[in-house]
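Keep the sequence and the 3D view side by side as you read. The walk begins with one helix and then moves outward to the rest of the chain.

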Amino acid sequence: MEESLNKAGVKVDYGVALDDLTQNDMAVTTKLVHNGVKETITSKWLLGADGGRSKTRELVGIEMKRHHLGVYFFIADIVLKGDPPLDSHAPGKGGHIFPTDQGVIAMFPLPGENNYRMLGQAPEGIKSKDQVNMNSEYFEKYLLDRTGRKFNVELGPWQTIFEITHGTSEQYRKGNVMVAGDASHVHSPVGGQGMNLGIQDSNNILWKLAWAKRIINNASNEEEKAAAAVSADIILGSYNTERHELGKSLVKSVERATTMLSTRSPFLKFIRNMVIRVGVPRNSTLNNFRRAGQLELQYPPQTSAVIIENTKASKKSYICSPGQRLPNICLNDGSRMHSHIDRIHHTWVYLNKPSALTRISYQKVVNVFASNEQTSIPLISQEGCSCEQVILVRPDLFVAGIGRSREDLISGLEMTGLDEKALAMM
């Protein structure tokens, strides 16, 4: 990721701490300490992705209420030595889950032979790594006691014990300051949602900041500047309305799953272990992994000023609905849909509907035809793939609108509160 930023001319600074910030309607003034040297930066906006103990959130006055479950887990990077003790997985593919009476143990493959990141519930009474000697012998005994299997363990670079807490910031935006990632939501690692949720926060806000910047920079007089400020507020406001409700819902679902996984109730443990043993190996879990990767999430149009609800058409007549992630369907030229989408500006997709247009102002226009053979998950109806449709796709690959014609979508866009100049720059 850092290499990609460097290629784009962006340098990542290390050893930088936030000291203070103030804001008004025009700008944010941020005071930093950079390797011991104080510096002040003035910017139009500030995005704080500074973790669960966010200084940005504290300084701007956004509250986060945490729920403490009184449950402790450990994470340990380990290497299993000797003969291959487990079925091998490529890094990032698959994993192993052991449902036991003392709690669930999960192992996720890391680069290297038999390298794993292990997640498990700490024994009762253990609240800190200072209470135990987290050496190879400790983890060998831990695994033997819970799985009945003898493993030869070599420690990797990282082992820790932590308390599970859950919480969501009361809002993700206050004025010209926004928070993202763990600064806006914290929860247990169960389900692997934390990193995905944070990345989706960034994926949602960055293109909106770029769009708002284009609008403001192209305003030349006071009247245009006032209109640009209104449009920018609508666009950035959609970050909070789209991500906040979704974040609250996901944190609640992770909290319920964590409670189930860490239960001490014999009956609930029996149910939990049975569900894991029966459900996890099935092919139906492909959709569960899509949900874990947050590829199934949807922004309800009523929660967003920049998504156009289509109330007239049948869902079967389209490949997706407004607010959903664009399906990466196969096209008749052998390519996939996502390869045609602009990741900076919106894209007009004419699917199965020829158009002479190649660009509309800032927006790319693509003319594509769906293949007769589709492998996408979830499945899309044959009618949905074959019908003529026009799709307005956001840079984050979510659908801003879908209909039979561009004119249908334009009329919906004009009702969002964004003026003609702002829409031209999307």
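**Helix 3 and its two sides**

Six positions of helix 3 are buried: Ser136, Phe139, Glu140, Tyr142, Leu143 and Arg146. They lie on the same side of the helix, because they cover an arc of only 160° around its axis. Note that the model is predicted, not determined by experiment.

Turn helix 3 over. On the other side, Glu137 and Lys141 are exposed. What lies over the buried residues? The cover includes strand 5 (64–81), strand 6 (96–100), strand 7 (103–109), strand 8 (115–121) and strand 9 (152–169).

Helix 3 runs over residues 136–147, 12 residues in total. From its first C-alpha to its last it reaches 16 Å, close to the 16 Å expected at 1.5 Å a residue.

Now look at the ends. At the start of helix 3, Asn135 brings a side-chain oxygen to within 3.3 Å of the backbone nitrogen of Glu137. Just after the helix comes Gly148, with a positive phi of about 75°.

One more residue of helix 3 deserves a stop: Asp145. Is Asp145 buried, exposed or partly exposed? Its relative accessibility is 42%, so it counts as partly exposed; the buried class ends at 20% and the exposed class begins over 50%. The Asp145 side chain makes a polar contact with the side chain of Lys141, at 2.8 Å. Lys141 is one of the exposed residues named above. Asp145 also sits 8.8 Å from Gln102, C-alpha to C-alpha, although 43 residues separate the two in sequence.

**Two asparagines with positive phi**

Next, go to two loops. Asn35 is in the loop between strand 2 and strand 3. Asn114 is in the loop between strand 7 and strand 8. Each is a residue other than glycine with a positive phi: near 50° for Asn35, and near 60° for Asn114.

Which of them is buried, and which exposed? Asn35 has 61% relative accessibility, so it counts as exposed. Asn114 has 11%, so it counts as buried. Strand 7 and strand 8, on either side of the Asn114 loop, are also among the strands that cover the buried residues of helix 3.

**A pocket and a cavity**

Move to the second largest pocket. Its volume is about 1,200 Å³. Its lining has 30 residues, and Val12, Leu47, Gly48, Ala49 and Asp50 lie nearest its centre. Several elements give two or more residues to this lining: strand 1 (16–23), strand 2 (28–34), strand 3 (37–43), strand 4 (46–48) and helix 4 (194–217). Which element gives the most? That is helix 4, with six residues. Strand 2 and strand 3, both in that list, are the strands joined by the loop that holds Asn35.

Enclosed space is a separate matter. The count comes to one cavity of 30 Å³ or more. The largest cavity holds about 30 Å³ of space. It is lined by Trp211, Val306, His346, Leu392, Ala400, Leu413, Leu418 and Met426.

**Helix 9 and helix 5**

Follow Leu413 from that cavity lining into helix 9, residues 406–413. Here the buried residues are Leu409, Gly412 and Leu413. They cover an arc of only 100° around the axis, so they sit on the same side of helix 9. What covers them includes strand 13 (347–351), strand 16 (389–393), strand 17 (399–403) and helix 10 (420–424).

Helix 5 takes in residues 222–261. Its 40 residues should span 58 Å at 1.5 Å a residue, and its end C-alpha atoms are 58 Å apart, which agrees. Asn221 caps the N-terminal end of helix 5. There, a side-chain oxygen of Asn221 lies 3.1 Å from the backbone nitrogen of Glu223.

**The whole protein**

Finally, step back. The protein has 10 helices and 17 strands. It has 426 residues, and 46% of them count as buried. Consider the contacts with a separation of 6 or more: residues 24 or more positions apart account for 64% of them.

Key. Residues are numbered from 1 along each chain as its sequence is written. This is a predicted model: local features need pLDDT of at least 70, side-chain atom pairs count only at pLDDT 80 or more; totals for chains, interfaces and linings use all residues. Side-chain values use heavy atoms; hydrogens and water are left out. Helices (H or I, at least four residues) and strands (E, at least two) are DSSP runs, numbered from the N terminus. The expected span of a helix is 1.5 Å times one less than its number of residues. Buried means under 20% relative accessible area, exposed over 50%, partly exposed in between (1.4 Å probe, protein chains only). The arc is that of the directions from the helix axis to the C-beta atoms. Contact means heavy atoms within 4.5 Å. A polar contact is a pair of N or O atoms within 3.5 Å; within protein, one must be able to donate a hydrogen and the other to accept it, and residues adjacent in sequence count only if both atoms are side-chain atoms. On a 1 Å grid over the protein atoms alone, a cavity is a set of points where a 1.4 Å probe fits but cannot get out, and a pocket is an open set with protein on both sides within 12 Å along at least five of seven lines; lining residues have an atom within 4 Å of a point. Grid points are joined across faces, edges and corners, and a volume is the space filled by probe spheres set on the points.
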